[in-house]
Amino acid sequence: MRRSSSAGRPAAGGRAPRQRAGGAEQLGFEGMPERLFVCTPSRLGAYADCPRRYRYSYVDRPAPPKGPPWAHNSLGASVHTALKNWYALPADRRRPEALATLLKGTWVREGYRDDEQERAAYRRALGWLEAYVETLEADSDPLGVERVVAVKTAVLAFNGRADRIDSRPGPDGPELVIVDYKTGRTGLDTDDARGSQALALYAYAAERVFRRPCRRVELHHLPTGTVAGHDHTVESLARQLTRAEETARDIMAAERAVADGADADETFPVAPGPRCGWCDFRRHCPTGAQVPGKEPWAAMDRHTDG
């Protein structure tokens, strides 16, 4: 398509675009809508956990270097990818004996203390997977596996990748269910499912992408083989969406303030607590640096004992 020679010039009676933080341009016409906040669940969660961590991740450029990889993240990524590849197999090949090959092919080795700890983690993960797939219908395909869903509101341009989206019979026809795999040591309950903003946003977005009701969200905890679920209502999803939009407004206001010269440390304050020892940016944060840091493999002793 041929570009107009007037591209980039202000329209008659208008004003030139003004530069915004991050290099994005926002047209300065009166009555133009504010830019949407582009986000994922992890981006919103980073700010809710600690505004300083959000700043290190998304505002400071260049971003401070992170610490070494975490073994428990490697374990979780390995298990998630193995399950994704399980569903990529033809239905007649989805048998427990296929899992060893799938897990080995997706295994992430970073962060472990030594070969012994890594081997123990692999054996434990394989056991989780073998037990979990026994609960699945091998010839039943989910509606989505590692499926990206996206939605826009008056404030957000949200997108996220759901581990699994099931289609299950409902009283008035097929309904969607958001399934999220968990590999952490601690068991989960219905409060965790109900309070998860990420799951609620996935459900809200999936309902609009697929045009089917999506109110059920589930946390599948592979180490214990338990499922923590919650059935949202239209109202409870709306409340979670409102919370996310409020967080987005706070973030945008803080980013604008820093772009206009405000002190970044004051605008993105630290939220000290037990998470500091696990923070990727602990070494760069004056508050976090006072907290003893965890070894990259520290969480694995809880995973692999017994």
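Helices α4 and α5 are oblique to each other, and this pair is a good place to begin the tour of what is a predicted model. Select residues 99–106 for α4 and residues 115–133 for α5, and you will find that their axes come within 10 Å and cross at roughly 130°. That angle lies above 115 and does not exceed 145 degrees, so the pair is classed as neither roughly perpendicular nor roughly antiparallel. Seen as a crossing, α4 passes α5 in a right-handed manner. To see the contact itself, show the side chains of L99, A100, L103 and K104 on α4 together with Y122, A125, L126, L129, E130 and V133 on α5. Sorted by class, the residues of this contact are 8 nonpolar and 2 charged, with no polar ones.

Keep α5 on screen and add helix α3, residues 71–88, whose axis comes within 11 Å of that of α5 and crosses it at roughly 35°. This crossing, in which α3 passes α5, is also right-handed. On the α3 side the contact is made by L75, V79, A82, L83 and W86, while α5 contributes A121, A125, W128, L129, Y132 and V133. What classes of residue make up this contact of α3 with α5? There are 11 nonpolar residues, and neither polar nor charged residues take part. Three residues of α5, A125, L129 and V133, appear in the contact with α3 as well as in the contact with α4. As a general point about spacing, an α-helix has 3.6 residues a turn, so residues three or four places apart point the same way.

Next, move to R109 in the loop that runs between α4 and α5. Is R109 buried or exposed? Its relative accessibility is 55%, which is why R109 counts as exposed. Not counting residues up to four places away in sequence, R109 touches D115 and E118, and its side chain is joined to that of E118 by a polar contact of 2.7 Å. If you also select S74, you can draw a C-alpha to C-alpha distance of 6.7 Å from R109, although the two residues are 35 apart in sequence.

Now turn to strand β7, residues 214–221, and pick out E218 within it. With a relative accessibility of 6%, E218 counts as buried. A polar contact of 3.1 Å links its side chain to that of R216. Leaving aside residues up to four places away in sequence, the neighbours that E218 touches include R168, V177, V179, D180, L199 and V227.

From E218, step across to R168, which belongs to strand β5, residues 156–170. Here the relative accessibility is 28%, so R168 counts as partly exposed. Its side chain makes a polar contact of 3.0 Å with the side chain of D166, and beyond four places in sequence R168 touches G173, P174, E175, V177, V179 and E218. For a longer step along the chain, select L143, which is 25 residues from R168 and has its C-alpha atom 9.7 Å from that of R168.

Helix α1, residues 41–49, is the next stop, and its buried residues are P41, R43, L44, A46 and Y47. To see what covers these buried residues, show elements including β3 (37–39), α2 (51–59), β5, α7 (197–210) and α8 (234–259).

Some backbone details deserve a closer look. Most residues other than glycine have a negative phi, and most peptide bonds are trans. Start in the loop between α2 and α3, where P62 is found, and look at the peptide bond from R61 to P62, which is cis with omega near 0°. Then go to E146 in strand β4, residues 144–152, where phi is positive at about 50° although the residue is not a glycine; E146 counts as buried, at 17% relative accessibility. R211, in the loop between α7 and β7, likewise is not a glycine and has a positive phi, of about 55°, but R211 is exposed, with a relative accessible area of 75%.

Finally, zoom out to the whole protein chain, which comes to 10 helices and 8 strands. If you colour by burial, buried residues make up 40% of its 306 residues. Among contacts between residues at least 6 apart in sequence, 64% join residues at least 24 apart.

Key. Residues are numbered from 1 along each chain as its sequence is written. This is a predicted model: local features need pLDDT of at least 70, side-chain atom pairs count only at pLDDT 80 or more; totals for chains, interfaces and linings use all residues. Side-chain values use heavy atoms; hydrogens and water are left out. Axes are lines fitted to C-alpha atoms, for helices over the stretch in contact, and angles run from 0 to 180 degrees between N-to-C directions. Helices (H or I, at least four residues) and strands (E, at least two) are DSSP runs, numbered from the N terminus. Angles under 35 degrees count as roughly parallel, over 145 as roughly antiparallel, 65 to 115 as roughly perpendicular and the rest as oblique. A crossing is left-handed if the near helix is turned anticlockwise from the far one by less than a right angle, and right-handed if clockwise. Contact means heavy atoms within 4.5 Å. Ala, Val, Leu, Ile, Met, Phe, Trp, Tyr, Cys and Pro count as nonpolar, Asp, Glu, Lys and Arg as charged, and the others, Gly among them, as polar. Buried means under 20% relative accessible area, exposed over 50%, partly exposed in between (1.4 Å probe, protein chains only). A polar contact is a pair of N or O atoms within 3.5 Å; within protein, one must be able to donate a hydrogen and the other to accept it, and residues adjacent in sequence count only if both atoms are side-chain atoms.
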